[in-house]
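Me: Could you take me through one part of this model up close? I'd like to start with how its strands sit side by side, then see what packs around them.

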Amino acid sequence: QEIKRRIIAMSLVHELLMNHESLEYVSSLDYIQKLVQRLKTMVHSEQKEIEFIYYADDIKFEEKQCIAVGMIISELVSNSIKYAFTDIEFPIITISLNKEEQFNGMRLSVSDNGNGKINDILLNKSLGYRLIDIFIEQLNGKYIIENINGLVVTFTFPI
C-alpha cells in the first residue's frame, strides 16, 4: 500500500502533463487537489473521517519540482493518518503551498491537529523520512518541524 501510494504521487504528474496543453508544466493547484483526493481514498483512518483542507497558489511547476512536492505531501499525509489522531474527535490535515515573494520561493506546509508527536517517519530515519530529505534537497530547500496544536512541517525552497 505504501509503494502504491508513492507510485500514484509520481504518476499523477505524468497524467496531468499528458492531459494538459503544455507538456512542460503542471499546475500546482490542480496537482494538489487531485493528489489529496487520491490520498483520501487510498489511505484512510479506521477511526474517523479526516477532513482535508488545502490552500494553494496556482504555480506552474516543472515535472521534477512537482514530483518532489507531491512525494513530500504524500509522506506527511500518510504519516498523519497513521499516527496523529489517537483520541482526536475531528481530525484535520491542512496543506498549503504559497509563493513567498521576499525570497523568490515557495512555502509548503503540511499540518494536522493531532497529538503533535514527532513520530517514526521523522525520528527513526524511516524510508519516508529519507525520501523527504531527498526531495527537499532536490528542491534546494529546508524545513522545520514544530508542535503547534498538532504537528506542523514547513518547507521553503526557491522557485
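Reply: Start at Ser109, whose bridge partner is Thr154 in β7. Keep in mind that this is a predicted model, where local features need pLDDT of at least 70 and side-chain atom pairs count only at pLDDT 80 or more, while totals for chains, interfaces and linings use all residues. Residues are numbered from 1 along each chain as its sequence is written, and side-chain values use heavy atoms, with hydrogens and water left out.

Zooming out a bit, β5 and β7 run antiparallel and are joined by seven bridges. (Strands are DSSP E runs of at least two residues, helices H or I runs of at least four, numbered from the N terminus; a pair needs at least two DSSP bridges.) They belong to an open sheet of five strands with mixed pairing, in the order β2-β4-β5-β7-β6. Out at the edges, β2 and β6 each pair on one side only.

Now add a helix: α3 packs on the sheet, touching β2, β4, β5 and β7. α3 also gives ten residues, the largest share, to the largest nonpolar core, meaning buried Ala, Val, Leu, Ile, Met, Phe, Trp, Tyr and Cys joined through side-chain atoms within 4.5 Å. That core has 39 residues, and Phe157 is one of those touching the most other members.

Looking past its neighbours within four places in sequence, Phe157 is in contact (heavy atoms within 4.5 Å) with residues including Phe61, Leu97, Leu108 and Ile136. Phe61 sits in strand β3. Why does Phe61 count as buried? Because its relative accessibility is 2%, and buried means under 20% with a 1.4 Å probe, protein chains only.

Definitions and conventions
Buried < 20%, exposed > 50% of the residue type's maximum accessible area, 1.4 Å probe, protein only. Axes fitted to C-alpha atoms, helices over the stretch in contact; angles between N-to-C directions.
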